[in-house]
Amino acid sequence: MSFSSIPFLFGFMPLFFLLYYLIPQRGRMVWILLGSLVFYGWSCREAPWQFFLLLILVLLHFGLGWFVAGRWGLLALGLSFFAFQGAAYLIDAYRGQLQETSLVRCGAFFLLFPHAASGPILRHDAMATQLSNPQVSLANVDRGLREFCIGLSLKVLLADRVGKLWQDAASIGYESLSTPLAWMALAAYSFQLYLDFYGYSRMAVGLGWMMGLELPRNFSYPYTAHSMTEFWRRWHMSLSQWFRDYLYIPLGGSRCGMGKTLRNLLIVWLTTGLWHGAGWNFLLWGLVLFVLLALEKLGLRRPLEAVPFLGRLYMLLAIPLTWLVFGLSDLSSLHTYLCRLFAVGGDFWGPFAQDTWKYLGQYGLLLLLAALFSTPIPRRVYQRYAGRPWMALLLVAAFLFSFYCIYRGLSDPFLYFQF
């Protein structure tokens with residue numbers, strides 16, 4: 001059940017919160033667990049075994065948490081949001097940093113539906129107290145509803161719309177793209193990937209606020225970074241922090257000399273690539289990022305951050321090119337696309353030069369809006385005028401327009417659900 005689906009928006013969500021606010025404080029954690037079970041049960045209705053597997057995993061983690069807290073057993077890392085969260089839970093238990101005593105709270109922690117399949121990855125130490133005593137207030141409900149509407153609008157009205165250009169490029173055939181159109185389509189994919197995931201994360205945070213819970217922030221305007229190091233401190237921050245705390249630092253981090261530091265970086269980024277999928281492109285993507293981050297550690301980062309223009313220019317090329325490796329699973333298609341990006345062979349306009357102007361007319365404004373909403377500017381404007389009645393009306397209008405697009409079948413599934 002997607003957050004941007006009619007059953008969620010007009011069925012599950014209003015019913016869940018209506019009962020949530022009517023239930024006494026002491027019973028809300030139980031309702032969070034029951035509501036999350038309904039959410040996952042509905043989502044797995046065509047494959048019930050997945051739902052029962054989820055229940056078994058929760059019980060298994062609860063039991064193993066007790067077991068490893070006694071300093072027994074070996075821990076294996078998983079390859080999904082749920083498994084990463086579970087691995088962190090068990091590692092913290094092994095380190096003596098937690099000892100969960102409530103199966104209900106453990107279940108609510110793992111199954112909390114706002115973070116569903118795309119995070120953020122929750123940490124038990126940050127969530128346990130909140131789940132036992134959620135801070136429900138009218139102010140938090142209002143804040144949460146606004147965040148949810150903003151996230152939904154970013155996903156449906158911007159990410160889905162601009163992403164159509166990437167689909168159009170595939171339909172045309174990468175070998176037939178002009179160089180400008182190839183760059184436009186790649187920019188569209190880069191914006192779609194960010195705004196789709198950022199929109200989801202803001203919806204998740206908004207749902208958390210409505211429940212009286214503060215979920216971790218997952219993005220901090222990564223497309224404004226001046227280096228790839230800074231970018232990965234701003235993108236999918238809960239995942240980056242997980243790799244830092246549970247893989248990079250235990251391997252020795254940056255404390256073992258440059259040689260071992262680079263080794264640790266290589267392990268982390270190859271693992272990150274494989275976590276996203278088993279395709280060669282994901283392995284290559286992780287390797288490319290390792291090379292860029294290693295170069296920055298060896299000295300490239302200093303001039304990039306000292307000269308902002310140089311850093312912006314570098315990232316203007318690095319971000320879309322790394323997403324190209326991420327987005328094309330077929331290595332021959334990747335080669336073809338790279339040739340079109342850099343007009344290898346001298347054919348700058350390609351066989352259909354008119355396509356460039358056609359798609360620029362269709363998507364030019366959307367690309368500009370996507371670029372604008374990848375910066376902090378809209379957020380600052382919103383915060384300045386959030387209390388004005390016209391801003392509330394604007395959010396209502398954005399929600400209704402988003403619903404119209406969903407109703408007409410103009411909304412796509414969340415991109416990150418496939419990883």
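Good morning. A helix, as I use the word today, is a DSSP run of H or I that covers at least four residues, and helices are numbered from the N terminus. The structure before you is a predicted model.

By that definition, S190 belongs to helix α8, which spans residues 179-210. Is S190 buried or exposed? Residues under 20% relative accessible area are called buried. The relative accessibility of S190 is 5%, and therefore this serine counts as buried. What does S190 touch beyond its neighbours within four places in sequence? Its contacts there are Y223, P320 and W323.

I turn next to helix α5, residues 103-111. This helix is mostly covered, with seven of its nine residues buried. Those buried positions are R105, C106, G107, A108, F109, F110 and L111. At the N-terminal end of α5, S102 acts as the cap. One of its side-chain oxygens is placed 3.4 Å from the backbone nitrogen of V104.

My last topic is the surface. A nonpolar patch there is formed by M258, W280, L284, L287, V291, L295, L298, L300 and L331. Together these residues have about 820 Å² of accessible area. Which helix supplies the largest share of the patch? Helix α12, residues 280-306, contributes seven residues. L284 is located in that helix, α12, and its relative accessibility is 33%, so L284 counts as partly exposed.

To close, I would set two residues side by side: S190 in α8 is buried at 5% relative accessibility, whereas L284 in α12 is partly exposed at 33%. Thank you.

Terms used:
Residues numbered from 1 in each chain as written. Predicted model: local features only at pLDDT ≥ 70, side-chain atom pairs only at ≥ 80, totals over all residues. Heavy atoms only, no water. Buried < 20%, exposed > 50% of the residue type's maximum accessible area, 1.4 Å probe, protein only. Polar contact = N/O pair within 3.5 Å; in protein donor to acceptor, adjacent residues only side chain to side chain. Patch = residues over 30% accessible without salt bridge, like charges linked within 9 Å, V, L, I, M, F, W, Y side chains within 5 Å. Areas by Shrake-Rupley, 256 points an atom, 1.4 Å probe, with all protein chains shown as cover. Salt bridge = Lys/Arg side-chain N within 4 Å of Asp/Glu carboxyl O. Contact = heavy atoms within 4.5 Å.
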